[in-house]
Amino acid sequence: MKLVIQRCQEASVSVDGKTVGAIEKGLMVLIGVGKDDTTEVVDKYLKKLLQLRIFEDENGKTNRSLMDIGGQLLLVSQFTLYANCRHGNRPGFTDAGDPQKAEELYEYLIERAKEQVSVVEQGIFGADMKVALVNDGPFTIILDEAAFA
């Protein structure tokens, strides 16, 4: 699994010119599901995501998590996070999860997030989406297997 986490003041995702998800202060997360991912992997990543202390406290230090600030969450699937550009100039995606399994895990992540976060919005799996955000900082974190090594 790979997550690109962006702290934002606001973010939205639209499909065919229609907004399907929008949040205010919180995190916009691009989600790539790998071929070996499981619900256990999703649970581990979600726990880390929700506990990341990347919001400022009253002293201007990044000591607060999404949960601490009551922030919102926008989850957007993006298999291209698994692009392999080692050979030639055309990316390969063989490390990305099978679309059906990836969609199941994406939906599982959304449901688990909704159990813990009051506002969880999402994109549409497999759709041609347009994502807009006001990145706060900018503050962007890439969460992948290296975060758990």
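**Exercise 1. Is Arg112 buried, partly exposed or exposed, and at what relative accessibility?**

Solution. Start with the source. This is a predicted model, where local features need pLDDT of at least 70 and side-chain atom pairs count only at pLDDT 80 or more, while totals for chains, interfaces and linings use all residues. Residues are numbered from 1 along each chain as its sequence is written, and side-chain values use heavy atoms, leaving out hydrogens and water.

Step 1: take the cut-offs. Buried means under 20% relative accessible area, exposed means over 50%, and partly exposed lies in between (1.4 Å probe, protein chains only).

Step 2: apply them. Arg112 has 26% relative accessibility, so it counts as partly exposed.

Step 3: check its partner. Arg112 and Glu115 meet in a salt bridge at 3.2 Å, N to O. The term requires a side-chain nitrogen of Lys or Arg within 4 Å of a carboxyl oxygen of Asp or Glu. Glu115 is exposed, at 57%. Salt bridges with shared partners join Asp43, Arg112 and Glu115 into one network.

**Exercise 2. Find the parts of the chain that the salt bridge between Asp136 and Arg7 ties together.**

Solution. Step 1: count. The structure holds five salt bridges.

Step 2: take the distance. The closest N and O atoms of Asp136 and Arg7 are 3.5 Å apart.

Step 3: place the residues. Asp136 lies in strand S8 (residues 129-143) and Arg7 in strand S1, so the pair ties together parts 129 residues apart in sequence. Strands (E, at least two residues) and helices (H or I, at least four) are DSSP runs numbered from the N terminus.

Step 4: classify Arg7. Its relative accessibility is 6%, so Arg7 counts as buried.

**Exercise 3. Show which way helix H1 faces.**

Solution. Step 1: check the length. The 13 residues of H1 should span 18 Å at 1.5 Å a residue, and the end C-alpha atoms are 18 Å apart, which agrees. The expected span is 1.5 Å times one less than the number of residues.

Step 2: list the buried residues. They are Val41, Val42, Tyr45, Leu46, Leu49 and Leu50.

Step 3: look down the axis. These residues fall within an arc of 155°, so they line one face of the helix. The arc is taken from directions between the helix axis and the C-beta atoms.

Step 4: turn to the other side. The face away from the buried side carries exposed Glu40, Lys47 and Gln51.

**Exercise 4. Describe the largest nonpolar core.**

Solution. Step 1: define it. A nonpolar core is a set of buried Ala, Val, Leu, Ile, Met, Phe, Trp, Tyr and Cys residues joined through side-chain atoms within 4.5 Å.

Step 2: find the hubs. Among the 28 residues of the largest core, Leu73 and Leu75 touch the most other members.

Step 3: name the suppliers. S1 (2-15), S3 (26-32), H1 (39-51), S6 (72-77) and H3 (99-114) each supply at least two residues of this core.

Step 4: look elsewhere. Another core, of 12 residues, lies apart from it and includes Ala11, Leu30, Leu81 and Met129.

**Exercise 5. Classify the ring pair of Tyr45 and Phe148.**

Solution. Step 1: take the rule. Rings of Phe, Tyr and Trp (its six-membered ring) pair if their centres lie within 6.5 Å; planes under 30 degrees apart are stacked, over 60 edge-to-face, the rest tilted. Three aromatic pairs result.

Step 2: apply it. The centres of Tyr45 and Phe148 are 4.8 Å apart and the planes at 50°, so the pair is tilted.

Step 3: compare burial. Tyr45 is buried, at 4%, whereas Phe148 is partly exposed, at 28%.
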